[in-house]
Amino acid sequence: VLVAGSSPSKAELYDMNSGMWTATGAPTNVIYQYTATLLPNGKVLVASGLSEHDITNSAELYDPSAGLWASTGLLNTARRFHTATLLPNGKVLVAGGYNDHIGKDVSSAELYDPATGTWTVTGYMATNRYQHTATLLPSGKVLVVGGFGINSVLASVELYDLATGTWTTTGSLNTARYKHTATLLPNGKVLVAGGEGNTSPFYLSSAELYDPVTGTWTNISATYSARSQHTATLLPNGKVLIAGGNLGYTYDLSSVELYDPATGRWKMTGAMNTTRSGHTATLLANGKVLIAGGSYGNSESSSELYDVGLGYTNASQPQIAT
């Protein structure tokens, strides 16, 4: 597992077999609030975000065979808090985000072609947005949900069609939200959970399901804890693991919950060893979930493993703290 970023920029690799972290080459430009996408050729595309001093439109490729980064084509629009989605044709769709140079959220989208290393502008979304989610559906379309735009938290939802390069609106959320999670379930529906809304209480425990057949959202049972900037991971058993998050800048969470699509219910599972938000969660080949980093407290350099069978996490300290 590749983890990259921080200031100054660093990158590390986690080895599932040894449980250890080792340093690898670091990106030269982008250091945080970027997107990272694993390409079919095994390389990792890091796109836009913030450099040491400013927002950037640069993009870099990490080559795991060499452990090095190389610059690739520049984006047409600098952005952060955007989304990046690997499409069935191998291209990457980058959508929305916030552009500090113009001081506003954007509706533009562009496609990265790994074959040529270039970016091409594609259709604009109907609504400017950032800190939204983007989910590739079984149909090949991309579902973009919520976010913040035009001075408000959004309930609007759009679909990107690769065949036409255009966006169409679909059913709106029942609750406007951003900093939420969106997870594609085995039945083809999309689970959206938590985030922050427009009105008090701003931190949300509500959850909804999107049905791509009807284009509508249905409220389901709420999570036990409201949470924002958490992670959601689809497990091999079809359940969804929700971990951490926050209820404000100084109140991070260690609690963890499981959603069961068969029952439509949530249940608490083993808490993390430390509170964290803005962390990463990666499903490993052995079925465990690696949770790494995060903000506030002492979580920045720590990592832990969630064991689906045991239902709790084991701490795993990196060799190199970043």
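Two strands are taken to pair if DSSP finds at least two bridges between them. In this predicted model, strand β24, residues 231–234, and strand β25 run antiparallel and are joined by four bridges, and within this pairing L234 has V240 of β25 as its bridge partner. The two strands form a hairpin in which five residues lie between β24 and β25, and G238, in the turn, has a positive phi of about 90°.

Strand β25, which spans residues 240–243, is also joined by four bridges to strand β26, residues 256–260, and these two strands likewise run antiparallel. In this second pairing V240 stands opposite Y259 in β26, while in the pairing with β24 the bridge partner of L234 is V240. In a regular strand the side chains alternate between the two faces of the sheet. In β25, V240 and I242 lie on one side and L241 and A243 on the other, and both faces of the strand are covered, since these residues are all buried.

A separate description applies to an open sheet of four strands, in which the order is β20-β21-β22-β23 and the pairing is antiparallel. The edge strands of this sheet are β20, residues 181–184, and β23, residues 216–220, each of which pairs on one side only. Neighbouring strands of the sheet are turned against each other by 25° on average, with direction ignored. Between the edge strand β20 and strand β21, residues 190–193, there are four bridges, and the two strands run antiparallel; in this pairing A182 has V192 of β21 as its bridge partner.

Turning to charged side chains, a search of the whole structure finds eight salt bridges, one of which is formed by R80 and D100, with the closest N and O atoms 2.7 Å apart. This pair links distant parts of the chain, with R80 in the loop between β7 (68–72) and β8 (83–86) and D100 in the loop between β10 (98–99) and β11 (104–105), 20 residues apart. R80 has a relative accessibility of 14% and therefore counts as buried, whereas D100, with a relative accessible area of 32%, is partly exposed.

A salt bridge is also formed by the side chains of E158 and R129, at 2.8 Å from N to O. Because E158 lies in strand β18, residues 157–161, and R129 in the loop between β13 (118–122) and β14 (133–136), the pair ties together parts that are 29 residues apart in sequence. Residues under 20% relative accessible area are classed as buried, and E158, at 1% relative accessibility, counts as buried; R129 is buried as well, with a relative accessible area of 0%.

A further salt bridge joins K288 and D307, whose closest N and O atoms are 3.8 Å apart. Here too the pair links distant parts of the chain, since K288 is in the loop between β28 (280–283) and β29 (289–292) and D307 is in strand β30, residues 303–307, 19 residues apart. With a relative accessible area of 26%, K288 is partly exposed, while D307 is buried, with a relative accessible area of 15%.

Key:
Residues numbered from 1 in each chain as written. Predicted model: local features only at pLDDT ≥ 70, side-chain atom pairs only at ≥ 80, totals over all residues. Heavy atoms only, no water. Buried < 20%, exposed > 50% of the residue type's maximum accessible area, 1.4 Å probe, protein only. Axes fitted to C-alpha atoms, helices over the stretch in contact; angles between N-to-C directions. Salt bridge = Lys/Arg side-chain N within 4 Å of Asp/Glu carboxyl O.
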